[in-house]
Amino acid sequence: MEEREPARNAEEADLLVRRIQDGDREAFKELVGAYQQRVFQIAFAFFGNREDAMDIVQETFMRMHQKIGSYRKGYSLQGWILQIAKNLCVDYFRKHYRRRREHEAGVSLDDIQVPAEESVSARRAGELKDLLSRSIRLLADRQRTIFIMRHYNQFQVEEIARMLNISPGTVKSLHFKAVQNLKGRLSPYLGVSR
Amino acid sequence: MTSCGRGKEELVAYLLGELDHEEARSLERHLEGCPACRRETADLKCVLNGAAAVGNDVRRAMETVDWEALPERIARKVFDRPENRTAPRGARRLFAPFVLRPAAAGLAAGIVLGALAAFLVFRPHPPHTAPGGDYYASSEFLDRIELELARRETLSYLDRSQNLIQDFLQPAALESGGLWREGSGQQRAASLLQKKKYINPQLERRQMAKAKDICNQIELLILELAQIGPDLSDEDRAHIQERVDDSRLWLKINLLKEELQDNEVANL
């Protein structure tokens with residue numbers, strides 16, 4: 001499904017929000033349809049798995065509906081929703097951090113007794129991808145959020161700055177730190193120089 | 001900064017296509033003559049390409065989601081919950097004073113709840129007894145207590161076992177006056193073996209098969225530790241370390257502890 005076009009301007013967004021505040025189910029569905037994929041992209045990049053990402057998508061819109069009364073007129077609707085999504089991701093990530101770290105090793109309590117039967121090359125390719133997503137997940141919260149928004153949501157620096165309510169310079173600087181940290185973590189594996 | 005003094009931020013911006021045409025041309029000219037910047041650019045490109053590979057996973061995962069159906073599914077969860085069913089306009093008007101004045105509504109609710117609480121506290125209440133006169137607790141309640149006890153006992157056993165194994169694997173355990181030399185390690189191992197006997201029936205009764213299996217593996221290891229005398233050697237330690245590594249015991253213990261801490265015993 002192609003993502004529906006998000007509300008084009010602040011007036012449209014305000015109207016949509018007002019309809020939702022009035023209990024308009026169709027307006028709510030319209031809004032979910034417009035932003036669901038962007039929320040999914042952020043959540044998937046945080047957790048690296050579809051199930052958690054889907055939970056975050058659902059939770060984000062349920063939370064948004066609960067808080068719809070606190071939406072400030074004229075504020076970026078997309079920014080507001082993605083802020084909710086990001087906060088949920090960070091909370092969930094912190095709460096389940098230890099468990100995730102174990103899962104990052106590619107195991108769970110149920111499958112640790114089953115030896116892997118992959119070929120060496122497949123395992124290496126899998127490890128490389130795991131390492132990449134793990135490295136992204138190990139970034140500091142703000143670096144991770146900005147890196148994800150920049151690369152997976154394809155947002156421009158100014159858009160991210162507006163959504164996170166920080167300056168474009170800060171976005172650039174945090175993004176740069178994220179890239180540097182990733183490079184540091186991946187260097188030994190990829191054979192690049194530090 | 002690269003060794004030539006050029007900012008690395010500029011290289012990242014270049015790779016992301018964020019430099020304007022003039023800036024990009026200027027940097028390309030610089031790259032031609034600067035091996036350090038070329039190497040740095042190649043490194044950064046590697047990282048960004050790698051991140052893009054993870055991005056492909058996101059796209060693949062997105063293809064598996066039914067995006068058409070999702071808004072309705074979420075709407076159902078939001079609107080079809082009893083507390084979210086919208087009251088008809090007439091009813092809304094009836095409750096308008098409370099809707100419009102949350103403080104007044106909160107106060108009224110507080111008074112009602114306070115009165116109810118006072119009634120519950122001060123009313124004369126006979127002890128909850130079974131028809132025969134004995135004190136009575138539901139089997140469900142007793143079940144929950146028993147489950148909670150089994151959970152706590154198992155967690156304590158896992159913690160103590162981990163501590164003992166960790167202490168044993170420390171080089172200090174071998175030194176004179178160390179854990180094993182003075183015998184306290186063996187005593188702790190013996191005490192853990194006793195404890196395991198105590199939790200065995202609980203694990204059995206609660207059908208905690210996975211927990212039982214892991215606790216049994218720990219027990220075998222502890223048994224070995226208990227049999228190691230004060231003159232333990234580097235080989236003994238290496239052997240135990242190998243056993244722990246081979247069985248991935250540490251990981252299993254950690255995962256089990258997390259599951260128990262999350263109260264997921266029922267599914268074990």
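**View 1. Helices α1 and α2 of chain A cross at roughly 130°.** The axes of α1 (residues 10–21) and α2 (residues 25–47) of chain A come within 7 Å. Axes are lines fitted to C-alpha atoms over the stretch in contact, with angles from 0 to 180 degrees between N-to-C directions. Helices are DSSP runs (H or I, at least four residues; strands are E, at least two), numbered from the N terminus. The crossing angle makes α1(A) oblique to α2(A); oblique is what remains outside under 35 (roughly parallel), over 145 (roughly antiparallel) and 65 to 115 degrees (roughly perpendicular).

This is a predicted model: local features need pLDDT of at least 70, side-chain atom pairs count only at pLDDT 80 or more, and totals for chains, interfaces and linings use all residues. Residues are numbered from 1 along each chain as its sequence is written, while chains are lettered from A and ligands numbered from 1 in the order written.

**View 2. A:Ile81 sits among the best-connected members of the largest nonpolar core.** This core has 59 residues. A nonpolar core joins buried Ala, Val, Leu, Ile, Met, Phe, Trp, Tyr and Cys residues through C-beta atoms within 7 Å. Buried means 20 or more other C-beta atoms within 10 Å of a residue's own, the C-beta atoms being placed from the backbone. Helix α2(A) gives the largest share, 13 residues.

**View 3. Another core, of 22 residues, lies apart from the largest one.** Its members include B:Leu164, B:Ala211, B:Ile214 and B:Ile222. Chain B has twelve helices and zero strands. Of its 268 residues, 20% count as buried.

Methods
A residue is buried if 20 or more other C-beta atoms lie within 10 Å of its own, exposed if 12 or fewer, and partly exposed in between; C-beta atoms are placed from the backbone.
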